[in-house]
Every structure is written in structure tokens, then in C-alpha cells.
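Colleague: I have the model open and want to test the vocabulary. Can we go through it term by term?

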Amino acid sequence: MVPVVALVGRPNVGKSTLFNQLTRTRDALVANLSGLTRDRQYGDGKVGAVPYIVIDTGGISGDESGIDAAMAGQSQTAIEEADIVLLMVDGRAGIQAGDEALVSYLRRKSKPFHLVINKIDGVGEEAALSDFYGFGIDGMHAIAASHNRGISSMMQSVLSDYSQGDESLERSDGGIRVAAIGRPNVGKSTLINRLLGDDRVVVFDEPGTTRDSIYIDFERRGQAYTLIDTAGVRRRKNVRETVEKFSIVKTLKAIADAHVVILLMDAHEGVVEQDLHLLGQCIDAGRGLVIAVNKWDGVDPDERDWIRSELQRRLQFVDYADIHFISALHGTGVGHLYESVGRAYSAAIKSLSTNRLTRILEDAVSTHPPPMVNGRRIKLRYAHAGGQNPPLIVIHGTQTEALPSSYSRYLEKVFRRELELHGTPVKIELRTGD
Ligand code: GDP
Ligand code: GDP
């Protein structure tokens, strides 16, 4: 399970600065999406091979009139959702009213937490720490978020119990892990029942309840799957029982834990902001992706062509993903989702030989040479695979740090086409030297 880390603390202690540092590694595609995702408070981070989800709570008011008031809204929810809390304080200001209350609140909740003493630039680590020893907290870290100091060793220590990371995907039973996600009411529950109700599906277990999604193992036409049910369908005793609240964290965990994500949208509403956020998360996490536009049965046949092309236009930035127009209610088109899921999965885990990658690189470079920088042409010498799900292609050369992102996107497109990497993002990593 992907751990969730929440950043809490008074305003101005440096939470957003830390959040930005933790989530900084974005590929070009995501950078292009930044306009869409700029105000989100959830991000993906990675320490070594271990991915995690980070929540920036935006700030506890620090109001001393009562801890409950201080813990109102966002922060409290974030703490509930988190596996680990990072309580941030300002190392220059020393202990402030409210810090102690927060510490005892977290203790009362038995929530694992670490104390992060920020802004130690200029004050010195020992001086900054000494103020806070009195709290008797084991996990104390002195950092300077804006200088990117102390952050990676802190995260290593914070997440030292979570070691498996992405490898857990490979170590799983060999089945394809598919997450069905989408906003409330788009039809997730209906689709999940459809997928499992298919005659060719053999469901193995009715898994126990967790606070997260439900994992359902099944087999279809000899292929094993685990369906990650974010709607909690199978936990309900009957259809009338209320669906639990949509949870971003639950959705993010499902994305992180899946090989392939089926993102559902509502044909009547088109692509809305929240769909774009979820798409951005799928891209960030590098997951295989299949888009299902649901409730197609309710769309006026005269308007279908227009709506279809409008949706395709809006979704151009994820042109690697198949788009299906389905009716979960009637089952129309649902079977085809399996084909796209299978294709995305194969692409995501495809093994790529150094030979093949290097040949494609050479062809791409001779068709369109990279630009000159400082009077010398950027050279791209060879490529090799660096990981799966998503496929990571590592390219070695000279002056690669100066390669324009448009050129990386060009390479990504060529690799995708030549290797038939359909349904998955492809990541390009550039290295200068051998
Ligand atoms: P938030 O309200 O807790 O999210 O705090 P911000 O991240 O917005 O930071 C508040 C201010 O503190 C900003 O002006 C930051 O540039 C500054 N800041 C953040 N981290 C550091 C640090 O490590 N050292 C110093 N000197 N300033 C920092
Ligand atoms: P969830 O909140 O994403 O799990 O959505 P549900 O599966 O509970 O569906 C929300 C509503 O949309 C229900 O009233 C469903 O019957 C309806 N619905 C789901 N799929 C379809 C569909 O393909 N066509 C139509 N017309 N309605 C649908």
C-alpha cells in the first residue's frame, strides 16, 4: 500500500514549500498540465523506489482558543487519511502557542508523526532542535525546505518502514491490477457490477473490508485480474445502502496500486475539472490508462458524433489512452474495456532491449537532429530501459540538460510509435555522460 503523508502545522512554517520540493519531479507532459493542476493539494512523491502520496493541508489556524477549532476541516481530514503526519514548525520562531496542543492531539489519535523543524538555514541545526527536545519525540528532523536541505534524508527515515514500493506490483500474483476511478455518480458501481457480472468472469474471493478500496480477484478468459473497487460496491450488503463518500486519497492510492486505470467520465457532463485532476494524477503516477465515457445510452444519437469529437479534442493530451463510449447500465461496450486494459498492461510492462532502443534513437536523431547549444550540437548516443509501469527510457548523451522539452516529447512519440507502447505513459530520462 502506498503510504500517505500529511503536512500539518501553522501557516507560514513552510508546508507548501516542502510540498513543492517533494512533488517536484514531473515529466514534461505533467508540466504542460500545470495550469490544470496548480491548486491541488495532493501530490506524488518518491523516495528511492518508494512512492508516496503527500497532502498539503494549507494550514491549521494556530488559533489557541481550542484545538478543535484549530483542527477544523481540511487538516483534520488529512490527518485521518494519512498514514504518517509531518508536523512542521518554524525553527527560527521556536515553540509557539499551539505546537504543544498539536503534539498532544496527534498522540491522542495514536497517529505516527514526525516533528519537522524548518528554516534552519542561518540558525544552525542544534540550536533549532534544542528548543523542541522537551516534546520527547523520537522522529525529529531539521530541514531548510526552501534550500532543499535535509529533505531526502528526512523522507528516507520517515518512510523507512515502507520499502516495497513499485516492486509490489511485480510481486503480485501475476494478475492485472485494474482500478476503476471517477467522480461520484459517473457510474463506477454500475460498471464494477457489470465487469464482474460478465458471464466469462469467475470471481474468486469476497475480500475483507479495509478503510481503503476493495480488491476483488477474478479471472476472465484465462487472464487473472484484481479489480480495485474505489466505489466500495462489494462492501455494501445491498444496492440501496449508501455509497460512501468519494475520497481523493482512496482514489490516489488506487491509482498508485494499479497497473491500469479505467477512468470513468459522464457523457452528459463532458470533461470537467475534477476529471482533469484525476487524469493528471494518472499521468503523474505513470499508470496505464483507459478512458470510459459512460451513460452513452442517454446521449441523443444525432449529437453523438459531435460529442465524441469534442471529447477527443479535450483529451488530446492523453492521446495514448483508448477512449470508449459505453453504457455501464446496459453493458454496451463494457467488454471492449478488457481489450484496452490488456493492451495497456502489456505496453506498461514490455521489456525493451538496449539494441532496439538505441536503433530507434539513432533513427529519430538522424530524422530530426537535436539543436546546437553553445556552438555544439547536443548528442544523444544510446538508450536503455530503466523501468516498467511506466516504461522508462534512459538516454545517454552530451549536454542533455539543454535538450528542449519539445525534443523529449518528440522522442517519446517516436518510441511510443515504434515500440507500440499504447495505453501507457512513456518516461524519458536524459543523462549526460556514460
Ligand atoms: P505554509 O503557509 O506553511 O505553506 O508556508 P510557505 O511554504 O508558504 O512558506 C512561508 C514562507 O517561509 C515563505 O516565504 C517561504 O519562502 C519561507 N520558507 C519556507 N521554507 C523556508 C526555509 O527553509 N528557510 C527560509 N529561510 N524560509 C523558508
Ligand atoms: P458511482 O457513484 O460512480 O458509483 O455511480 P453509480 O454507479 O452509483 O451510478 C450513478 C447513477 O448513474 C445511478 O443512478 C446509475 O443507475 C446511473 N448510471 C450508471 N451508469 C449508467 C449508464 O451507463 N447509463 C445511464 N443512463 N445511467 C447510468
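Colleague: What makes E2 and E3 a pair, and in which sense do they run?

Modeller: This is a predicted model. Two strands pair if there are at least two bridges between them. E2 and strand E3 (residues 50-56) are joined by 6 bridges and run antiparallel, so they count as a pair by that cut-off. One of the partnerships is Lys 46 with Pro 51 in E3.

Colleague: Why are E2 and E6 at the edges of the sheet?

Modeller: Follow the order: E2-E3-E1-E4-E5-E6, an open sheet of 6 strands with mixed pairing. Strand E2 (42-47) and strand E6 (140-142) each have a single partner strand, so one side of each lacks a neighbour in the sheet. From one strand to the next, the twist averages 30°.

Colleague: How do you know that helix H1 packs on the sheet?

Modeller: By what helix H1 (residues 15-22) touches: strand E1 (4-9), E2, E3 and strand E4 (84-90). Contact here requires C-beta atoms within 7 Å. The direction of H1 makes about 155° with that of E3.

Colleague: What makes E17, helix H16 and E18 a unit?

Modeller: Strand E17 (residues 392-398) and strand E18 (residues 427-432) pair in the parallel sense over 6 bridges. Ile 393 has Ile 428 in E18 as its bridge partner. With helix H16 (residues 405-419), the two strands make a right-handed β-α-β unit.

Colleague: Which helix gives the most to the shell around ligand 2?

Modeller: Helix H10 (residues 188-197), with 3 residues. Of the 17 residues around ligand 2, those that come nearest include Lys 188, Ser 189 and Thr 190. The shell divides into 6 nonpolar, 8 polar and 3 charged residues.

Notes. Residues are numbered from 1 along each chain as its sequence is written. Chains are lettered from A and ligands numbered from 1 in the order in which they are written. This is a predicted model: local features need pLDDT of at least 70, side-chain atom pairs count only at pLDDT 80 or more; totals for chains, interfaces and linings use all residues. A residue is near a molecule or strand if its C-beta atom, placed from the backbone, lies within 6 Å of it. Helices (H or I, at least four residues) and strands (E, at least two) are DSSP runs, numbered from the N terminus. Ala, Val, Leu, Ile, Met, Phe, Trp, Tyr, Cys and Pro count as nonpolar, Asp, Glu, Lys and Arg as charged, and the others, Gly among them, as polar. Axes are lines fitted to C-alpha atoms, for helices over the stretch in contact, and angles run from 0 to 180 degrees between N-to-C directions. Two residues are in contact if their C-beta atoms, placed from the backbone, lie within 7 Å. A crossover is right-handed if, with the strands pointing away from the viewer, the path from the first strand over the helix to the second runs clockwise.
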